[in-house]
Amino acid sequence: MAIINLFVISPDTHSERRFDPNITVEQLKSKLKLITGIPTANQRITLFTSEVDSNPVVQLCDNSRALGFYCTTDYQVLKVDDTNPSVSFTSQLTDVSQVNKFELSNTEYAKRTDTVLAYKQTHKAEASEPLHPIPQLDIPIGARCEVKSSEPGFSKRGTVRFVGPTKFGAGTGVWIGVEYDEPIGKNDGFVQGEHYFTCKPKYGIFVRPEKVTAGDFPVEDLEMDLNDEEM
C-alpha cells in the first residue's frame, strides 16, 4: 500500500505526516483535527506544491473524494485554515496580544534583588574584589626598615626593595621585599622564576607587611634568625 509524505501546516502547527492516499477528505479532516486542533467542520484544506509556492494546486473541498484523487505527491503541503477560529483555540497559543503583561520600570527593576541584573552585579563585584584586598601601606620602596623576628627583642634591619602582590602568593595580598644588611635572607629577590628586585644571594627576603616597620634604622650587626613565616 502506497503512503504519501506530506507537510501539514496550520496557524499553530507545522509537521511532516504520512497518509494513505485512499482515505477520503472527510477521514483526512478527522486526522488533521488531532494534529491542528481545528474542528473538522471548520477546516479549509488547500494543497500547495511547496511551502514557498504561493499558488495553490487545489482546494480539497469534496469530503467524499479520496486524498489521492487530487494527484497528491510526496512532500507537497496541506495548508489547513480555520474558518471559524472564535470557537476553537486556533492562534490563541501564538497570539499574545491579549495577554496581560507584567511590566516594571527600569528604576523598579534595578531595585529588585531576584533578577538577572542583580545576579550579574553581585557576581561581577565579587569577581572584581581580590581575596585579600591590597591595603594602603606607609612602606615606600627604598625606605629603611626593621623586620620583626621570632626571637624576643631582636629585629632584622634592611631596605625595602619591593611592595605588592606576587605570583608565588597569588591571591594572598601584599608582600614586602626586603634587602637585609647582612646575608640572613633566603633569596636574591628572585623567587619561583620571577625577579621582583635584585640583591646579593641570601640578602633578600619576602615578608608580610605587619612584620615590617619603616623608619630611621641605621645599619647594625645582625645575628642569624630565620623562621618559617618568610620566603
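How many bridges pair β1 and β2, and in which sense? The two strands pair over six bridges, in the antiparallel sense.

This is a predicted model, so local features need pLDDT of at least 70, side-chain atom pairs count only at pLDDT 80 or more, and totals for chains, interfaces and linings use all residues. Residues are numbered from 1 along each chain as its sequence is written, and side-chain values use heavy atoms, with hydrogens and water left out.

## The chain as a whole

The protein chain holds three helices and twelve strands. Helices (H or I, at least four residues) and strands (E, at least two) are DSSP runs, numbered from the N terminus. Of the 231 residues of the chain, 37% count as buried. Buried means under 20% relative accessible area, exposed means over 50%, and partly exposed lies in between (1.4 Å probe, protein chains only).

The accessible surface of the protein chain comes to about 14,600 Å². Carbon and sulfur atoms hold 52% of that surface. Accessible areas come from the Shrake-Rupley method with a 1.4 Å probe; for residues, only the protein chains shown count as cover.

Contacts tell of the fold too. A contact means heavy atoms within 4.5 Å. Among contacts in the protein chain with a separation of 6 or more, 55% join residues 24 or more positions apart.

## The mixed sheet

Strands of a sheet pair through backbone hydrogen bonds, either parallel or antiparallel. Here, two strands pair if DSSP finds at least two bridges between them.

One open sheet has five strands in the order β2-β1-β5-β3-β4, and its pairing is mixed. β2 and β4 stand at the edges; each has a single partner strand, so one side of each is left without a neighbour in the sheet. The twist averages 30° from one strand to the next. Axes are lines fitted to C-alpha atoms, for helices over the stretch in contact, and angles run from 0 to 180 degrees between N-to-C directions.

Within this sheet, phenylalanine 7 stands opposite glutamate 16 in β2. Strand β3 is mostly covered, with five of its six residues buried. β3 pairs with β5 in the antiparallel sense over six bridges. β3 is also joined to β4 by three bridges, and these two strands run antiparallel.

The table lists residues that stand opposite each other.

| Residue | Opposite residue | Strand of the opposite residue |
|---|---|---|
| Isoleucine 45 | Valine 80 | β5 |
| Leucine 47 | Valine 58 | β4 |
| Valine 178 | Isoleucine 205 | β11 |

## Helix α1

Helix α1 has twelve residues (residues 25-36). At 1.5 Å a residue they should span 16 Å, and the end C-alpha atoms are 15 Å apart, which agrees. The expected span is 1.5 Å times one less than the number of residues.

Which residues of α1 are buried? They are Val25, Leu28, Lys29, Leu32, Ile35 and Thr36. Seen down the helix axis, these buried residues fall within an arc of 115°, so they line one face of α1. The arc is that of the directions from the helix axis to the C-beta atoms. The face turned away from the buried side carries the exposed residues Glu26 and Leu34.

What covers the buried residues of α1? The cover includes β1 (4-9), β2 (14-19), β3 (43-48) and β5. Just after α1, glycine 37 takes a positive phi of about 80°.

## The antiparallel sheet

A second set of five strands forms an open sheet in the order β11-β8-β7-β6-β12, with antiparallel pairing. β11 and β12 (212-214) are at the edges, each with a single partner strand, so one side of each is left without a neighbour in the sheet. Neighbouring strands are turned by 40° against each other on average, direction ignored. Four bridges join β8 (residues 175-180) to β11.

Arginine 161 is found in β7 (residues 155-164). Its relative accessible area is 35%, so arginine 161 is partly exposed. Not counting residues up to four places away in sequence, arginine 161 touches Ile141, Gly177, Val178, Glu179 and Phe197. Arginine 161 and glycine 189 are 28 residues apart in sequence, yet 8.6 Å apart in space, C-alpha to C-alpha.

## Two loop residues

Tyrosine 75 lies in the loop between β4 (56-59) and β5 (77-82). Its phi is near 65°, a positive value in a residue other than glycine. With a relative accessible area of 43%, tyrosine 75 is partly exposed.

Lysine 202 is found in the loop between β10 (194-195) and β11 (204-207). Phi of lysine 202 is near 70°, again a positive value in a residue other than glycine. At 48% relative accessibility, lysine 202 counts as partly exposed.
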